[in-house]
Each structure stands twice: as structure tokens, then as C-alpha cells.
Amino acid sequence: MKYKILFLLSFFFFQLSFSQVENDSLSNDLNDDTLEEVVISGTMKPVLRSESLVPVEVYTPTFLKKNPTSNVFEALQIVNGVRPQVNCSVCNTGDIHINGLEGPYTFVLIDGMPIVSGLSTVYGLSGIPNSLIERVEVVKGPASSLYGSEAVGGLINIITKNPKKAPLFSADVFGTSWGEVNTDLGLSTKVGEKAHLLLGVNYFNYSNPIDKNNDNFTDLTLQDRISVFQKWNFNRKSNKVFTLAGRYFYEDRWGGELNWNRKYRGGDEVYGESIYTNRFELMGNYELPISEKMFFSFSYANHDQNSAYGDNFYLAKQQVGFGQLTWDKKIENHDLLFGAAFRYTSYDDNTSATNDKDITKMPGVFIQDEISFNNKHSILLGARYDYNNNHGSIFTPRFAYRYKANSGDVIRLNAGTGFRVVNLFTEEHAALSGAREVIVLEDLKPEKSYNVNLSYLKQWYFGSNVLQLEASSWYTYFTNAILPDYDTNPNEIIYSNLDGYAVSKGLSANVDLILGNGLKFLVGATFMDVSKVEDNIKQQQMLTERFSGTWAILYTIPSMDLDIDYTGNLYGPMRLPLISEWDPRPEYSKTYSIQNIQLTYKGFKDFQIYGGVKNLLNWTPSKNIPFLISRTNDPFDKNVQFDGNGKAMRTPDNPYGLVFDPSYVYAANQGIRTFLGVRYHF
């Protein structure tokens, strides 16, 4: 396998000598004119961002390159209100939080298709070739009335490039001082007279065990990952749309004790967490050959996972099939969208909680009417009905109002409901990556949410300078919330419907200042309160910060062909899962910041060279605490004594009454490092 990959990479590197730099103008890509960009995520149809009744944030590849990463998961750390959450200190799996809500509340799509969901959420955002990304659209707040289950906290839609408009060839290769190497390749070509092909390959390798905090465990999971993506655009005589895309993803990752190797996989001699992931995806969009504007879109994903957490095996397979028919119809001042969808999910694993294969069938219908009264006032009315074979009927209405004084002065009010049907083992993957047993106390009911969001957008122009303010406030109320209980028993994660309610509320603002001298400031801040109330007792949600901030300060020096990018984020304290009442680790994390600097030189004809430093402050979650992972000296709990209730007892060998557990983590345990890379475009 590795030799085939090396041959493929060598072939592409040979081609680089014939490439030429593409103009990478900051003024075109860094949110100067994003109000006039076309977005689709808010209403499931293309519309100018300034005309959308639903606030949609747009992030271009050029913006994401200001902090180069090997995957979309890490790239989102400089987006305000969006935080990549690491859930396990050993295997480093994670998810995406939007406005403080856990990863399962975030719906991730590729080209509008629900490919990355369920079991794949943990790994699905890795391996998407960055060279193929046209833009990333972020919607904060429930979108279940259009997208159904899981779109409760918001959605992230990764839009890939049109094969007809993509560069003929592109490459982006970088490495870090920790030994990470990432290669991103893209190729666009015409195939005959009727098709255009977009091909992308991403290969990432990290094979250098590092233990900076001296606990004999890897600080960063070792990974060997390849992803191959193809997208076809077919030319039809009617000029109607027909696209077909597919992706294959394979990853081999492991973390654990430094002396672990394959022969210890699944045993109880040396602790390691080893995960093999095989994944295949297929998606397409076909415009029907009729006079009306009707589309049939479809997707299929097959996910096969073979994991060993110490001496516990987790073997799981998931298949997700999706089909949707939409009819876009305009009648006078009504812009209507009708839709019918069907989602099929098959899931099976080797755990005791899944005695039989879990099959979910969910047909649904939806309607949306966008009514324009005049150039300033518009409203949107929408509703969706779904039927789940396990939970019955689910209804989700939606309302939106927009007041537009002009293209740079817009007020939006959005309200609606959301729902989430939960499969714990496909979403709460942290439950399987440690030593805890999963306990489900009851038949879980679907979560429901009620949300209202008010946003304001304003632009000011001062000669060649531009100032943009985008502010929003939100309030979301949850019933039947399903939250993991880490506190009752340190050996268990207990799930049940909350006997009370949960609330997410807050304020968020983004300020973009673009000066004519080449200096740009993009600053964001979010203040939120995400909590649950049970028996009249309010408690902050686990692993959720009360405030956060992001920034990007960008400066272009044309005379030197040089870009300077300083990016960073700031996160407030989060409540963390302690193991016992005597656990010496802090219950709350301290405020922390990750900061990066990058220089990009564009003076060469054929390529760009970039490099810099990540995590300038050398911050890691293991700093200034007794230990990050508990009981690393006894990862199989062989020397732990338990009482009659299953709780660890305090003994001379275990004075704090702890068990081995890697869940006390909220960010990557990777310190300062340098990076160097090159980019080619033809």
C-alpha cells in the first residue's frame, strides 16, 4: 500500500515542474465581497449571501490557509463560535462544537449531502483534500426544518470546486518539526466531449512518537491516512446539472504507551488504542429533464471500523443511504421549495448494547416559502414532517424575517425547532475510547429544541477602507436532552433523557477591518451560557467554555511579494470530567490561547513558499496539572481495588481513588512546532 502511494506521489511531484502560480489575491478571497457570494446552506438553494434570510458565514480556502492544517477539522479553529473538541488524550478523536453545543448537534455536509454523520463524524472531517474546497459555509442554529435530524446546533457545508473551473493541477505539501507530513494534490481535466473530472488526493503521515509530558504515553496520535476524491460534471444538451462524486478514505492511527507495537493490539500487556478505518462515499445531483426546476440528489456511505482500546475491541459497520427530490418554483413574489427525502441507516457493532443490527428508516417531506414584499422586507415560512420507524412522527416548523436597508445593512430574525434522534455508539464515541462502561437507563426519546436568533450586519466604507460588523444573539431551549453523566460513577458513562431542560444562549460578533495599505483585521468574540437545569439545580455543560475569541491579522507587502499572517484563538474555562472526589486535577480548565504566525513568499514564478510557527506560547492541556491521563502506570486497572458499588477505593498505590481514563482533555496535547511548505498551481 505504502509503495503504491509513494509511486503516486512521485508521479505528481514530477509534474510540478510544469506548473505555474495562480493569482491568490487576498482582496478576492478574504471576505471583502463575501456579501455578494452565492450560498446554498441557509435555504437549500443558491442565493446571494446579502439576500439570504438565514445568516450564513462563508470561509474561503485562502482564509483557511492562513493557518495551514492537514484537515478541515483543525482548520476551523480560527472560526468564531466554532471549536474543534478533542475527546480522548490517547486516540485524539474529536468533534466540532458550534456555539458550545456538542459535536452530535453539528450537521456536516459535503456539497449539501449528509455524508459525514453518525459513526463517521469522528473521522469524516479528516482527509477531505483541501485543494478541492471551494468554500466552507457555516450556519449557526437549528436547521432541522430543511435538513432533518442532527442539524440542531448548526451545520457545516463543505462545497467542493466545479471541475470546469478548478485549476488544471494544484499541489500543497508541508511538514512540521514534529515529523508530520501532509500532501494535498488536485487535478482537473476534460474527459471526452461530455465530462469534466476533478481528482484530489490527500496523504498524511505522522510516525514520530513524542512524549513531552513524560507520562510514557504519546502526546499525539500516530497516523497514516489517505483519501482519494473524484467529482464528475457531465455535459447535457439541455445544460441541466448532473454531477457524480465519490471518496475513499483509509486511516491507520494509534496512540498509547511508547513501547506499544502491533503485536500488543487487543492485549493487556502494553496499552494502546489502535483504529483502522475504511470508508467509501458516493454522492450525486441530477436535474430532471423537464421544464420545471426539479433535482434528485442522492448519497451513500459505507463505514467499516476496527478498533482496539487496550484489550477491548470495538468492531462497527454503518451504512447510510439518502435520497431527496426538490422542486424549486417561483410564483410572483413567492419563492417556493418543495422536497421529499428518505434516509436509511444500518448500524451494527460488537458491543452488548447492540444485540441486533440497528436499522432506521426516516422518510420526510418539507416545504419552504420565501415571500418578498419589497426590496426591504422579506419573510420565510417553512415546515418539515419526518417519520422515524423507532420514534414516530416529528414536526419542525421554521420562520425567518429580513429587513434590508441596503446591501450593507441587514437585520435578520430566525426562529424554529429542531430534533435529534440519537444512536449513542455512532455519536458519543468518547464512550468507547476509555475504560468506562456505557449505561443506558431508558429508551431514549428524541431531543427537541426551540430556537430564536437575531443578527445584524453593517458595512462602512471609508475611501479604500472597509469596516464590517456582524453580530448575533441566540437562545435555544432543549427538552428530552441527552447528556452523558461522567460524575455518578467513574467507571461508567450514564445516558438518559434529562429530567428538566437545557439552555444555550449567548452573544457573538465578528469585526472585519480591511485597510487600503494591505493590512486586515478579522476579530471575533462569543459569550455564551450552555447549561442544564435538573431538580432546580443549574450546572454548566461539561467541556463548554463561557467565552471564546478568534483573530487573524493579515499584512501584505507587495514590494516584497510577502504575506504575514498572525492568527489565534482564546478559550475560557470549561468544566472537566473528574474521576473521584479526591482527584487532584482542577475541575475547570484555565483560560488558554493557541497562536500562530506564518510568512508566505510569492516572488517565484512557479510556486509559493510558506512557513512559520504554530502554538507560539507552547501551551498544552497537560501544563500546570499533576497529570493529564489518570493511572498511566496501570492502564488496565490491574492494581485498582473496587468497593461493592464498583467505585475505586483509596489505597497506598492509589491515594486518589482513580482508574485509568483519557477523557480529561479538551484540546490537542501538541506544543510549539515549526512548519514549512510549498504550493503549486497550474
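Trainee: Where does Asn92 lie?

Mentor: Asn92 sits in the loop between strand S4 (82-86) and strand S5 (94-98). Strands here are DSSP runs of E with at least two residues, helices are runs of H or I with at least four, and both are numbered from the N terminus. The model is predicted, so local features need pLDDT of at least 70 and side-chain atom pairs count only at pLDDT 80 or more, while totals for chains, interfaces and linings use all residues. Residues are numbered from 1 along each chain as its sequence is written, and side-chain values use heavy atoms, leaving out hydrogens and water.

Trainee: Why is Asn92 called buried?

Mentor: Its relative accessible area is 17%. Buried means under 20%, exposed means over 50%, and partly exposed is in between (1.4 Å probe, protein chains only). So with 17%, Asn92 is buried.

Trainee: And what makes Asn480 partly exposed?

Mentor: Its relative accessibility is 23%, so it falls in the in-between class. Asn480 is in the loop between S25 and strand S26 (492-495). Its phi is positive, near 55 degrees, though it isn't a glycine. Asn92 also has a positive phi, about 60 degrees, and is not a glycine either.

Trainee: How many helices and strands are there in the protein chain?

Mentor: The chain has 7 helices and 34 strands. Of its 682 residues, 61% count as buried.

Trainee: Let's move on to charges. How many salt bridges does a search of the whole structure find?

Mentor: The search finds 29.

Trainee: What makes the pair of Asp328 and Lys45 a salt bridge?

Mentor: The closest N and O atoms of Asp328 and Lys45 are 2.9 Å apart. A salt bridge needs a side-chain nitrogen of Lys or Arg within 4 Å of a carboxyl oxygen of Asp or Glu, so this pair passes. Asp328 belongs to strand S17 (residues 312-331) and Lys45 to the loop between strand S1 (38-39) and strand S2 (47-48), so the pair ties together parts that are 283 residues apart in sequence. Asp328 has 14% relative accessible area and Lys45 has 5%, so Lys45 counts as buried, and Asp328 is buried as well. These two also join Asp335 in a network of salt bridges.

Trainee: How do you know that Glu447 forms a salt bridge with Arg420?

Mentor: Their closest N and O atoms are 3.1 Å apart, so the cut-off is met. Glu447 is in strand S24 and Arg420 in strand S22, so the bridge ties together parts 27 residues apart in sequence. Glu447 is buried at 2%, and Arg420 is buried at 0%.

Trainee: What is the distance between the closest N and O atoms of Asp172 and Arg679?

Mentor: It's 3.0 Å, and the pair is a salt bridge. Asp172 is in strand S10 (residues 169-176) and Arg679 in strand S34 (residues 673-681), so to speak distant parts of the chain, 507 residues apart. Both Asp172 and Arg679 are buried.

Trainee: Rings next. Why is the pair of Tyr601 and Phe604 called edge-to-face?

Mentor: The structure holds 23 aromatic pairs. In this one, the ring centres are 5.2 Å apart and the planes are at 80 degrees. Rings of Phe, Tyr and Trp (its six-membered ring) pair if their centres lie within 6.5 Å; planes under 30 degrees apart are stacked, over 60 edge-to-face, the rest tilted. So this pair is edge-to-face. Tyr601 is partly exposed at 32%, and Phe604 is partly exposed at 39%.

Trainee: Which residues make the nonpolar surface patch of about 530 Å²?

Mentor: Leu381, Phe399, Ile411, Leu413, Val452, Leu454 and Tyr475 make it. Strand S22 (409-420) and strand S24 (447-462) each give two or more residues. Tyr475 comes from strand S25 (residues 465-479).

Trainee: What makes Tyr475 partly exposed?

Mentor: Its relative accessible area is 35%, so it lies between the buried and exposed limits. Patch residues need over 30% and no salt bridge, with nonpolar side chains (Val, Leu, Ile, Met, Phe, Trp, Tyr) joined within 5 Å and like charges within 9 Å. The 35% of Tyr475 therefore clears the patch limit too. Areas come from the Shrake-Rupley method with a 1.4 Å probe, and for residues only the protein chains shown count as cover.
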